[in-house]
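Here are my notes on the salt bridges and the nonpolar core, as numbered points. Please read them with the model open.

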Amino acid sequence: MNREPQPEHTETLSIAGIEPVDLLGRHDRNLRLIESRLPGRVVVRGDQVLLSGAAADVEELRRVFASLVALVRQQGALTEADVRYAIDARAHDEPAANLAGEPVVLSARRVPVVPKTFGQRDYLRAIETHDV
């Protein structure tokens, strides 16, 4: 059974207004993590990110990069953990940047608790809505 190769799809995203190192990480660590976890190709030239591959792969890359750009605009430089959360957020159909807007829960010692993952967010919501 011969499959016809899918046509190459490309999309260009602008990252104007943010420092590439904040998005891509030092020595492009964040970029390498994205390339290792998602299909498709990513090329960064100046303030442009070129995504290429099958249409579905490019759409996944676009969603992840859009989420990461929004996160950089909210909090500044990304960590590798932020990138992993953004990649894993695809299963939740919402951008990882939504976690940054979650309310902070204060403990008895007044230490702020902020969710870093969607599972933590769901757990904190359950704590707020259910008595022990």
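1. A salt bridge here is a side-chain nitrogen of Lys or Arg within 4 Å of a carboxyl oxygen of Asp or Glu. Arg 37 and Asp 88 make one, with their closest N and O atoms 2.6 Å apart. Arg 37 belongs to helix H2 (residues 29-37) and Asp 88 to helix H4 (residues 80-88), so this pair ties together parts 51 residues apart in sequence. Helices (H or I, at least four residues) and strands (E, at least two) are DSSP runs, numbered from the N terminus.

2. The model is predicted: local features need pLDDT of at least 70, side-chain atom pairs count only at pLDDT 80 or more, and totals for chains, interfaces and linings use all residues. Residues are numbered from 1 along each chain as its sequence is written, and side-chain values use heavy atoms, with hydrogens and water left out.

3. Are the partners in point 1 buried or exposed? Neither: Arg 37 is partly exposed at 37% relative accessibility, and Asp 88 is partly exposed at 40%. Buried means under 20% relative accessible area and exposed over 50%, with partly exposed in between (1.4 Å probe, protein chains only).

4. The whole structure contains 4 salt bridges. One of them joins the side chains of Glu 8 and Arg 41, at 2.5 Å from N to O. Glu 8 sits in the segment before strand S1 (9-14) and Arg 41 in strand S2 (residues 41-45), so parts 33 residues apart in sequence are tied together. Glu 8 is partly exposed at 48% relative accessibility, and Arg 41 is partly exposed at 48%.

5. Glu 59 and Arg 62 form a further salt bridge, the closest N and O atoms being 2.7 Å apart. Both lie in helix H3 (residues 55-75), 3 residues apart, which means a separation of about one helical turn. Through shared partners, salt bridges join Glu 11, Glu 59 and Arg 62 into one network.

6. The largest nonpolar core (buried Ala, Val, Leu, Ile, Met, Phe, Trp, Tyr and Cys residues joined through side-chain atoms within 4.5 Å) has 24 residues. Leu 23, Ile 34, Leu 51, Phe 65 and Leu 68 have the most contacts inside this core. Helix H1 (20-24), H2, strand S3 (48-53), H3 and H4 each give two or more residues. H3 supplies the largest share, 8 residues.

7. Which residues does Leu 51 contact, leaving aside its neighbours within four places in sequence? With contact meaning heavy atoms within 4.5 Å, they include Leu 13, Val 42, Val 58, Leu 61 and Phe 65. Also among them are Glu 11 and Arg 62, two members of the network in point 5.
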